[in-house]
Amino acid sequence: MKTLLTGGAGYIGSHTAVAMLEAGHEVAVVDNYYNSSPEAIRRVEQITGKAVTLYEADVADKDAMRKILKAEMPDCIIHFAGLKAVGESVAKPTEYYRNNIDTTLTLLECMKELGLSNIVFSSSATVYGEDNIPPFYETMPKGVCTNPYGWTKWMQEQILRDAWYADKEMSVVLLRYFNPVGAHESGLIGEDPQGIPNNLMPYISQVAVGRRDHLTVFGDDYDTPDGTCRRDYIHVMDLAEGHVKAAEYSVEHRGTEVFNLGTGNPYSVLDMVKAFGDACGHPIKYEIGPRRAGDVQDSWANADKAREVLGWEAKRGIDEICRDAWKWQSTNPQGYGE
Ligand code: NAD
Ligand code: UFG
């Protein structure tokens, strides 16, 4: 199968490129490197021994995308390209709505022109909002989001669903990711956040490697066994393999389908701190701070549908997550920037 990965040089896209190539599929990537580096794709090629066709373009640029899609005519598009920092989205809402919505509309318009019908989309567990109680099922109503980033995912899901409603020859697969973490086991590719990390695992990794002094745990007074929030941390290679199954599904089925990609197992912030300390061989220094605005106490998936329909389930646990994140961080302490 020929695939086109928008945003494929990014964290999840680069790992998915590896999984796709290893499953025998062809991969082309389009990225503007807003939050990534072409070095990630060079390393994908190094891991797999296979070539990736790489285009530098803005996915919202219709002329550029028309040319790229005409050249590739992919069987399936996986749409990762987007801005993803929750806090930044509150400060820069128009940039988030413009980029995330425009890329999706441009893709859909070009797909229609060229008769391309299959798309897999990177959505997020954030669309379940604050009022649903975990485990989250795909059948639950979408909730109220707490930030513009979340609303862009909510809206992109709706736009894609409406596009399918108007053209039943389309196949739309909406993947709701839980908390993607870890790195490829080679240590060659991983998450490379710019500036101070917003997310837990990259922050812990940078404390472990000595780039930051200590982690601040955002609140220990939640109604959980150790007082810290619980999440469904999923190894990025498990997530990547879920995309292979989703893309294969998309070419064989028509319709709109939603799948949670999670493990179904919640772990607390302090569980992850402990597991990372075990993986890197020294304890992670942390302090307890106040709660972070907008955090939900608990979020984890019911992952039955992906298992039953796609034949996919997460295989790696938090020990592999921390081992692989540590390998990436310790061998690339400055990320791709070295
Ligand atoms: P990332 O920032 O590493 O990757 C996104 C990629 O898209 C980057 O390479 C960036 O340069 C590119 N990009 C952004 N706007 C573009 C544009 N207009 N044209 C071309 N390229 C563009 O992020 P990621 O963690 O790999 O996330 C991939 C997708 O998954 C995003 O849509 C994100 O919102 C979604 N997602 C991520 C998480 C997470 O925790 N990482 C959770 C849920 C959903
Ligand atoms: N945390 C800390 N200290 C930190 C960073 C995070 O204690 O320095 C805690 C948070 O309070 C939270 C947990 O670690 O309890 C996980 O936080 P992350 O920022 O890693 O992840 P979130 O669950 O908040 O958010 C992630 C993605 C969002 C997505 C959301 C739901 O970053 O893009 O999952 O899918 F919207």
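What follows is a friendly chat about a predicted model with two ligands.

Reader: Hi! What should I know about the numbering and the model before I look?

Author: Residues are numbered from 1 along each chain as its sequence is written, and chains are lettered from A and ligands numbered from 1 in the order in which they are written. This is a predicted model, where local features need pLDDT of at least 70, side-chain atom pairs count only at pLDDT 80 or more, and totals for chains, interfaces and linings use all residues, while side-chain values use heavy atoms, with hydrogens and water left out.

Reader: Thanks! How many residues surround ligand 1, and which are the closest?

Author: There are 27 around ligand 1, and the closest are Ile 12, Asp 31, Asn 35, Ser 36 and Phe 80. A residue is near a molecule or strand if one of its heavy atoms lies within 4 Å of it.

Reader: And how far is the side chain of Ser 36 from an oxygen atom of ligand 1?

Author: An N or O atom in the Ser 36 side chain is 2.7 Å from an oxygen atom of ligand 1. Tyr 149 also has a polar side-chain atom 2.8 Å from a ligand 1 oxygen atom, and a backbone N or O atom of Gly 10 lies 3.3 Å from an oxygen atom of this ligand. A polar contact is a pair of N or O atoms within 3.5 Å; within protein, one must be able to donate a hydrogen and the other to accept it, and residues adjacent in sequence count only if both atoms are side-chain atoms.

Reader: How much of ligand 1 does the protein bury?

Author: Ligand 1 taken alone exposes 830 Å², and the protein buries 95% of that. Those areas come from the Shrake-Rupley method with a 1.4 Å probe; for residues, only the protein chains shown count as cover.

Reader: Which element gives the largest share of that shell?

Author: β5 does, with three residues. Each of α1 (11–22), α5 (93–114), β5 (118–124) and α6 (148–166) supplies at least two residues of the shell around ligand 1. Helices (H or I, at least four residues) and strands (E, at least two) are DSSP runs, numbered from the N terminus.

Reader: Now ligand 2: which residues come nearest?

Author: Ser 124, Asn 199, Thr 216, Arg 231 and Asp 295 come nearest, out of 20 residues around ligand 2. Ser 124 has a polar side-chain atom 2.8 Å from an oxygen atom of ligand 2. A polar backbone atom of Thr 216 is 2.8 Å from a nitrogen atom of ligand 2, and a backbone N or O atom of Phe 218 lies 2.9 Å from one of the ligand's oxygen atoms. On its own ligand 2 exposes 690 Å², of which the protein buries 88%.

Reader: Where does the largest share of the shell around ligand 2 come from?

Author: From strand β8 (residues 215–218), which gives four residues.

Reader: Let's switch to charges. How many salt bridges are there?

Author: The structure holds 24. A salt bridge is a side-chain nitrogen of Lys or Arg within 4 Å of a carboxyl oxygen of Asp or Glu. One of them joins Glu 109 and Lys 62, with the closest N and O atoms 3.0 Å apart. Glu 109 lies in helix α5 and Lys 62 in helix α3 (residues 62–72), so this pair ties together parts that are 47 residues apart in sequence.

Reader: Which residues are linked in a network of salt bridges?

Author: Lys 62, Asp 63, Arg 66, Glu 109 and Glu 113 are linked that way.

Reader: What joins Lys 305 and Glu 257?

Author: A salt bridge, with the closest N and O atoms 2.6 Å apart. Lys 305 in helix α10 (residues 304–310) and Glu 257 in strand β11 (residues 255–261) are 48 residues apart, and the pair links distant parts of the chain. Lys 305 is partly exposed at 21% relative accessibility, and Glu 257 is partly exposed at 27%. Buried means under 20% relative accessible area, exposed over 50%, partly exposed in between (1.4 Å probe, protein chains only).

Reader: Last one: how many residues does the largest nonpolar core have?

Author: It has 41, and Val 27, Val 44, Ile 78 and Leu 175 have the most contacts inside it. α8 gives the most to this core, with eight residues. A nonpolar core is a set of buried Ala, Val, Leu, Ile, Met, Phe, Trp, Tyr and Cys residues joined through side-chain atoms within 4.5 Å.
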